[in-house]
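I wanted to go through this fold at the level of strands and helices and keep a record of each thing I looked up. These are my notes, in the order in which I took them.

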Amino acid sequence: MTKTAVVTGASSGIGEATARRLAAEGFDVVAAARRRDRLDKLAAEVPSIRSATLDVTSEESVAAFASSLDRCDVLINNAGGAFGLEPVAQGRVDDWQRMYDVNVLGSLRMTQALLPRLIESGDGVLLMLTSVAGLVSYEGGGGYCAAKHAQTSMTETLRLELVGEPVRIIEVAPGMVQTEEFSLTRFRGDAEKAAKIYEGVPNPLTADDIADVIAFAVTRPSHVNIDRLVVRPRAQAAQHKVHRVPEGA
């Protein structure tokens, strides 16, 4: 029987790329997000992808989504995001709440709703898409780092609590990934500021790069658990160490 993979936040970026890649790997993919129009377009392009409306910040939406599934073998908790880059002293409480709700509580809601299905499958995989921000903090990233640290901690706790169950718990923590929306959202639509994040960086990671890593992790033999994969572009040695090429060089 074909395995079913659920991908949250699948309307763009890493989520969309992961849905496409898992479909290519032979999964029946449920691409879930709020923007149904984008998902329907994706499903029209890839026959083994079906679209589903989902808001991970809503208990009712998550419950309705979970009840619509016949099975779930793989859950990719990808929905997330960063809002604002202010220092902690000037941070906006509503930004912090949004980041915590979508990254942490969204992952919690989805995990609680679909964990029984993962266990029932006899070979479930729960993959948490976190960030290197969940491992190392940086100036201006207080809210996002706090949310991603919490998400990383949740992943580690789940692995301890579910040992002995037929479910693998995997964390993929990307570094600098250039997607169409992540930095644009963080800078409240300021395209110039968003572009400067990647200015001069030779070959930042792409959404397809992360989808490739996710596909590798979830398709290992059932006895193999990839606890954590940290993925950075070659130009990024650490959070504060990025090689940039001067313009015109």
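The entries below cover the sheet, its strands and the helices that I checked, and I kept in mind throughout that this is a predicted model.

**Entry 1, the sheet.** I began with the strand order and found an open sheet of seven strands, arranged as β3-β2-β1-β4-β5-β6-β7, with parallel pairing. Its edge strands are β3 (49-53) and β7, each of which pairs on one side only. I also looked up the twist, and neighbouring strands are turned by 15° against each other on average, with direction ignored.

**Entry 2, the β3 edge.** Here I looked at β2 (residues 28-33), which pairs with β3 in the parallel sense over five bridges. For one specific pair I took Ala 31, whose bridge partner in β3 is Ser 51. Helix α2 (residues 36-45) packs on the sheet at this place, where it touches β2 and β3, and its direction makes about 170° with that of β3.

**Entry 3, strand β6.** How many residues of β6 (residues 167-174) are buried? I found that eight of its eight residues are, so that the strand is mostly covered. I then sorted them by direction: Val 167, Ile 169, Glu 171 and Ala 173 point one way, while Arg 168, Ile 170, Val 172 and Pro 174 point the other way, and all are buried. I noted that the charged names Glu 171 and Arg 168 appear in this buried list.

**Entry 4, the neighbours of β6.** On one pairing, β5 (residues 124-129) and β6 run parallel and share six bridges, with Leu 126 standing opposite Ile 169 in β6. The chain passes from β5 through α5 to β6, and I recorded this β-α-β crossover as right-handed. On the other pairing, four bridges join β6 to β7 (residues 228-231), again in parallel, and Ala 173 has Val 230 in β7 as its bridge partner.

**Entry 5, helix α5.** I asked whether the length fits: at 1.5 Å a residue, the 20 residues of α5 (residues 142-161) should span 28 Å, and because the end C-alpha atoms are 28 Å apart, the two values agree. Its buried residues include Gly 143, Tyr 144, Cys 145 and Ala 147, and further along Met 154, Thr 155 and Leu 158. Lys 148, Gln 151 and Thr 152 are also on the buried list.

**Entry 6, helix α8.** Last, I looked up α8 (residues 207-218), which lies across β4 (74-77), β5, β6 and β7 and runs at about 160° to β6.

Technical notes
Residues numbered from 1 in each chain as written. Predicted model: local features only at pLDDT ≥ 70, side-chain atom pairs only at ≥ 80, totals over all residues. Heavy atoms only, no water. Expected span 1.5 Å × (residues − 1). Buried < 20%, exposed > 50% of the residue type's maximum accessible area, 1.4 Å probe, protein only. Pairing = 2+ DSSP bridges. Right-handed = clockwise from strand over helix to strand, strands pointing away. Axes fitted to C-alpha atoms, helices over the stretch in contact; angles between N-to-C directions. Contact = heavy atoms within 4.5 Å.
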